Amino acid sequence: MSVIDPVLWNDWHPVAASAALQPGAMQPARLLGEEIVVWRSADGAVHAWDDRCPHRGARLSLGAIAGDRLVCGYHGWQFDSAGVCRLQPAHPYDTPPRAACARTFQAREAYGLVWACVGAPALALPPFPEQAEGRLRTVLCGPYPVHACGPRIIENFLDMAHFPFIHNGILGDPRYTEVPDYQVGPYDDGLGAEGMEGVIATGCRAYQPQANLMASDGSMVEYTYRVVRPLTAILTKLPEKQGGLVEAISLFVQPLDEEHHHAWIVLAMNNDTASDDELRAFQDRIFLQDLEILESQRPRKIPLEPGVELPQRADRLSAAYRRMLKRVGLRYGVL
């Protein structure tokens, strides 16, 4: 039985890459246990609907797009961009009944992604100001399929203590395992997200042999982490050397169901040398190093009560994140 989680149900989640959805294209997706179809009409607008024709329940994603209409592949019913049936080919001269409508969801575009909300949006889209301001170049990476709960994926993103062991030679070095003390506090994204106060960690430092694709030698890197939604986190890092690469990396997690997710990563940086494919390959390498560990963790759901797992001092950010999840009342993927 699917868990009903109002926190996620009434929030925005990524469901597709904008560039993959040209006018006249559509693709199936999953979100919170719902089967949806994401499509773009001839006018460039994106749409997210229940992937089910109200006639006989066939998948709408098996049909086609004709201008601003989605055509069911089973009996040819045509739905306009508002989901209203405009033509039933078996009765071409009749006006379709009012009830002949597809179930529609709200859809938006931002950061190179198509976003959908299957409920009633209680918040604006998750903020990523580094990308939105246009000063930095952006590259979309993923989606990465992960058989783990969403909070586990976010928590791994926030964890620096695993760098020397999982990312040896890139983000960490076994000779430098100590996690220096850092500061954690509440974070307000400035969007008036009442009851959705996030978490920020500053002064996070780690020695990294290759902090990014362009790094030629190791250096100390300073991180700032911001958790702005239960399934959205952003890190910024600035190498100790002046004039180094400025990076902001946002992780957006799409919940397919409680134990299956897609991880989308958006890079924003001042790197104007490497190609998009090279930057994606570097990010792929790092994420795939995390994957086996993520999918091995038990219990699969992240425990919010003490006593199930034994934290260490370096887990201060993780502990604040878990308190955030408990405070906002998250049910999906938690114990």
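1. Helix α3. In this predicted model, the buried residues of α3 are G150, P151, R152, I153, I154, E155, N156, F157 and L158. That is nine of the nine residues of the helix, so α3 is largely enclosed by the rest of the structure. Charged R152 and E155 are on the buried list too.

2. The main core. L158, in α3, also matters for the next point. The largest nonpolar core has 72 residues. Within this core, L158 and Y225 have the most contacts. L158 touches Y225 itself. Its other contacts, leaving out residues up to four places away in sequence, are V227, A233, L317 and Y321. In soluble globular proteins, nonpolar side chains tend to be buried together.

3. A second core. There is also a separate core of 19 residues. Among its members are A17, L136, I234 and W264.

4. The largest pocket. Its volume is about 690 Å³. The lining counts 26 residues. Nearest the pocket centre lie E155, E309, D315, S318 and R322. Of these, E155 belongs to α3 and is buried. Three elements give two or more residues to the lining: α3 (150–158), α5 (276–296) and α6 (316–328). The biggest share comes from α6, with five residues. By class, the lining splits into ten nonpolar, seven polar and nine charged residues.

5. Cavities. The structure holds four cavities of 30 Å³ or more. The second largest of the cavities encloses about 60 Å³ of space. Its lining is made by D11, W12, H13, P14, W115, P126, R229, L231, T232, F252 and V253. Two elements give two or more residues to this lining, β1 (13–17) and β16 (247–257). Seven of the lining residues are nonpolar, two are polar and two are charged.

6. The annotated domain. The UniProt annotation "domain: Rieske", from an unreviewed entry, covers residues 12–116. Over that stretch the chain is 0% helix and 43% strand. The C-alpha atoms at the two ends of the stretch are 5 Å apart. W12 and W115, both within the annotated range, are among the residues that line the second largest cavity.

7. V246. This residue sits in the loop between β15 (232–239) and β16. Is V246 buried or partly exposed? With a relative accessible area of 26%, V246 is partly exposed, because the buried class requires under 20%. V246 and M269 are 23 residues apart in sequence, and their C-alpha atoms are 5.5 Å apart in space. M269 is also one of the contacts of V246. The others are K237, L238, A268 and N270, again leaving out residues up to four places away in sequence.

8. G33. The loop between β2 (26–31) and β3 (34–40) holds G33. G33 is partly exposed, at a relative accessible area of 36%. This position falls inside the range that the UniProt record annotates as Rieske. Which residues does G33 touch, not counting those up to four places away in sequence? They are L256, D257 and Y332. L256 and D257 fall in β16 (247–257). E109 is 76 residues from G33 along the chain, and 21 Å separates the two C-alpha atoms.

Definitions and conventions:
Residues are numbered from 1 along each chain as its sequence is written. This is a predicted model: local features need pLDDT of at least 70, side-chain atom pairs count only at pLDDT 80 or more; totals for chains, interfaces and linings use all residues. Side-chain values use heavy atoms; hydrogens and water are left out. UniProt positions are given in the numbering used here, feature names are shortened, and annotations may be inferred rather than shown by experiment. Helices (H or I, at least four residues) and strands (E, at least two) are DSSP runs, numbered from the N terminus. On a 1 Å grid over the protein atoms alone, a cavity is a set of points where a 1.4 Å probe fits but cannot get out, and a pocket is an open set with protein on both sides within 12 Å along at least five of seven lines; lining residues have an atom within 4 Å of a point. Grid points are joined across faces, edges and corners, and a volume is the space filled by probe spheres set on the points. A nonpolar core is a set of buried Ala, Val, Leu, Ile, Met, Phe, Trp, Tyr and Cys residues joined through side-chain atoms within 4.5 Å. Buried means under 20% relative accessible area, exposed over 50%, partly exposed in between (1.4 Å probe, protein chains only). Contact means heavy atoms within 4.5 Å.
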